[in-house]
Amino acid sequence: MNIFDSKTKFMSRERFLFLLGCILATAFLLFVFYKKTTQDLEKLLNENLTTIAYLGSLQVNGDLLKNIQNKDDIYKEEYKIISNKLIEIKKVSNDIYYIYTMRKTDDPFTVEFIVDAYNHLTIKNQDVNNNGKIDPEEEFSLPGDKYDTKNAPALMQGFDYPTADRKIT
């Protein structure tokens with residue numbers, strides 16, 4: 001049976017095209033609203049993370065950071081103090097997965113880690129899930145480890161003013 005068959009008069013071609021147009025217009029509007037809402041939520045999350053990073057940076061003692069220069073310093077009391085402070089900051093937001101401090105190096109595209117929040121808690125047992133191997137999520141950076149910032153411009157901007165990655169993952 002043809003829905004446009006003039007004998008059955010189920011639906012005229014004009015009505016069908018009108019209905020199809022309405023469906024397509026509705027789908028288009030839903031897509032536009034979805035994209036706009038997603039952008040707005042990402043912007044809000046970015047602003048929240050930027051604020052948390054800024055307020056968190058005010059709580060980290062820069063004099064203590066100066067005393068942490070290499071991987072052996074992970075056992076220093078200063079390291080534990082800063083690490084515990086970073087853990088407190090992380091608890092403020094479920095949106096934060098990793099939290100650490102870094103410093104600039106002589107290379108404008110390289111920074112080095114200073115304190116990674118959970119290192120002092122797991123240094124003796126890095127295999128947190130006890131599966132007999134160090135999984136990627138169990139790896140952490142040690143003081144002095146280098147990090148290439150060529151693909152992370154917001155990271156370098158963070159040394160000059162509060163910022164967060166624009167792309168939320």
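These are my notebook entries on a predicted model.

**Entry 1: the sheet**

I looked up the strands first. I found an open sheet of three strands, in the order β1-β2-β3, with antiparallel pairing. The edge strands are β1 (100–104) and β3 (146–148), and each pairs on one side only. I also looked up the twist: neighbouring strands are turned by 40° against each other on average, direction ignored.

Next I took the pairs in turn. Five bridges join β1 to β2. Thr101 stands opposite Val115 in β2. A hairpin of five residues makes the connection from β1 to β2. On the other side, β2 (residues 110–116) pairs with β3 over three bridges. There I noted Thr110, whose bridge partner in β3 is Asp148.

**Entry 2: a helix on the sheet**

I then asked what lies across β1 and β2. It is helix α3 (residues 77–90), which runs at about 90° to β2.

**Entry 3: salt bridges**

How many salt bridges does a search of the whole structure find? I noted six. I looked at three pairs.

Asp40 and Lys36 meet at 3.1 Å, N to O. They sit four residues apart in helix α1, so about one helical turn separates them. Asp40 is partly exposed at 37% relative accessibility. Lys36 is partly exposed too, at 45%.

Glu88 bridges to Lys85, with the closest N and O atoms 3.5 Å apart. Both lie in helix α3, three residues apart. I recorded 46% relative accessibility for Glu88 and 25% for Lys85.

The side chains of Lys146 and Glu112 meet at 2.7 Å, N to O. This pair links distant parts of the chain: Lys146 is in β3 and Glu112 in β2, 34 residues apart. Is each partner buried or exposed? Lys146 is exposed, with a relative accessible area of 55%. Glu112 counts as buried because its 9% is under the 20% cut-off. I also noted that Arg103 joins Glu112 and Lys146 in a network of salt bridges.

**Entry 4: helix α1 and its surface**

I went on to helix α1 (residues 13–59), where Tyr34 is found. Tyr34 counts as exposed because its relative accessible area, 52%, is over 50%. Tyr34 belongs to a nonpolar surface patch with Phe28, Leu29, Phe31, Val32 and Phe33. Together the patch has about 670 Å² of accessible area.

Tyr54 is also found in helix α1. Tyr54 is partly exposed, at 39%. I checked the separation of its C-alpha atom from that of Tyr161: 8.2 Å, with their positions 107 residues apart along the chain.

Note on methods: Residues numbered from 1 in each chain as written. Predicted model: local features only at pLDDT ≥ 70, side-chain atom pairs only at ≥ 80, totals over all residues. Heavy atoms only, no water. Pairing = 2+ DSSP bridges. Helix = DSSP H or I, 4+ residues; strand = E, 2+ residues; numbered from the N terminus. Axes fitted to C-alpha atoms, helices over the stretch in contact; angles between N-to-C directions. Contact = heavy atoms within 4.5 Å. Patch = residues over 30% accessible without salt bridge, like charges linked within 9 Å, V, L, I, M, F, W, Y side chains within 5 Å. Areas by Shrake-Rupley, 256 points an atom, 1.4 Å probe, with all protein chains shown as cover. Salt bridge = Lys/Arg side-chain N within 4 Å of Asp/Glu carboxyl O. Buried < 20%, exposed > 50% of the residue type's maximum accessible area, 1.4 Å probe, protein only.
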